[in-house]
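Subject: Structure handover

Hello,

Here is the structure we talked about. Please open it and keep it beside you while you read.

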Amino acid sequence: MPVSPSLYDSVLAASRSIRQAITTRPRVGIVLGSGLSQLADRVQFAQTLRYVDIPFFPPTSVAGHDGRLVAGAWAGCPVVVLQGRYHFYEGHDLSLVTLPIRVLAHLGIHTLILTAAAGAISPNLQVQDIACIRDHINLLGANPLRGLNDDRLGPRFLDLTTIYDPTLRLAAQHKAQTLNWTLPEVVYAAMPGPSYETPAEINLLRTLGADVVGMSTVPEAIVARQCRLRVLAFTLITNAAAGLGPDPISHQDVLAAGRSPDAQRLADLIERLLSEPVVSQPAEPTNSSA
Ligand code: HPA
């Protein structure tokens, strides 16, 4: 007997209401991070729903996170774009932070593309760089799968060895090359926030092997894997991490970087990827895939 049937029920209710409101069947989901909302302008035949009109979706409380779901076509691929996400630092339980991911999976997507702003820890990264996440370190002190498991939502003991899909990462590398830029692969450290880190914490994260630091992405990636979605994640470097740059870190600067032409570079990359069957089509089933 599952202890939290309400999570499963809320996934069903939210996805039912979205399905009634949109005319497409999305295959790829895209989450737009801080300041990156305008990437949804590329969606054609857009049908927009506000989170407040979707059952069990609370309003977002962060500037730069709009709180809208946009369904339509991007590069000919049926997509659903989340303009704005929920964060642990807003006080939400991680099961709520990740509810939209479960709902997108229930709507029928096979692939999830996550985007997020991040601070650069690695000396090889600069503000405005775009990087592909190859692995993460979860320092939130919480896991979205914690608690008694409802098996209808997926397995409890989840393998995360290749949480960020190697085939999709390779496709991203090739597409970046065709756009004439290099796409560094990074390890993303998730911190709970909402304060930015101290320089001592950034030193610690560097020692642990993190290249970038942010406050999102990781819970969504974990839940996406539990839902058997393929995950690809990009991060836009908006600032040098604490103690590594000349200026204090400000949320306004993070948002402004998201609105820069570099955000459009990220949109170009996503657009090219969506036109590729390796991204727009589900993966071939293999013997090793569960
Ligand atoms: N730290 C944590 N989260 C962030 C940062 C940072 O420096 N920049 C953008 N999101």
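Below are some notes on the ligand, one loop, one helix and the cysteines.

First, the ground rules. This is a predicted model, where local features need pLDDT of at least 70, side-chain atom pairs count only at pLDDT 80 or more, and totals for chains, interfaces and linings use all residues. Residues are numbered from 1 along each chain as its sequence is written, and side-chain values use heavy atoms, with hydrogens and water left out.

**The ligand**

Start with the residues around it, meaning those with a heavy atom within 4 Å of the ligand. They are Ala117, Ala118, Gly119, Tyr196, Glu197, Val213, Gly214, Met215, Thr238, Asn239, Ile249 and Val254. By class, seven are nonpolar, four polar and one charged. (Nonpolar covers Ala, Val, Leu, Ile, Met, Phe, Trp, Tyr, Cys and Pro; charged covers Asp, Glu, Lys and Arg; the others, Gly among them, are polar.)

Now the polar contacts (here, pairs of N or O atoms within 3.5 Å). A side-chain N or O atom of Asn239 sits 2.7 Å from a ligand nitrogen. For Glu197, a polar side-chain atom is 2.8 Å from a nitrogen of the ligand. Gly119 uses a backbone N or O atom, 3.3 Å from a ligand nitrogen. The ligand alone exposes 260 Å², and the protein buries 95% of that (Shrake-Rupley areas, 1.4 Å probe).

Three elements give two or more residues to this shell: strand 5 (111-120), strand 8 (212-214) and strand 9 (230-240). Strand 5 gives the most, three residues. (Helices, H or I, have at least four residues and strands, E, at least two; both are DSSP runs numbered from the N terminus.)

**A loop and a helix**

Gly245 lies in the loop between strand 9 and helix 7 (251-258). Its relative accessible area is 29%, so it is partly exposed. (Buried is under 20%, exposed over 50%, partly exposed in between, with a 1.4 Å probe and protein chains only.)

Helix 3 (residues 99-107) is largely enclosed by the rest of the structure, because eight of its nine residues are buried. Among them are Leu99, Arg102 and Leu107. Gly108 follows helix 3, with a positive phi near 115°.

**The cysteines**

How many disulfides does a search of the whole structure find? Zero. (A disulfide is a pair of cysteine sulfur atoms within 2.5 Å.) The sulfur of Cys77 has its closest cysteine sulfur in Cys132, 17 Å away, so the two are too far apart for a bond. Cys77 is buried at 2% relative accessible area. Cys132 is buried too, at 0%.

Best wishes

Terms used. Polar contact = N/O pair within 3.5 Å; in protein donor to acceptor, adjacent residues only side chain to side chain.
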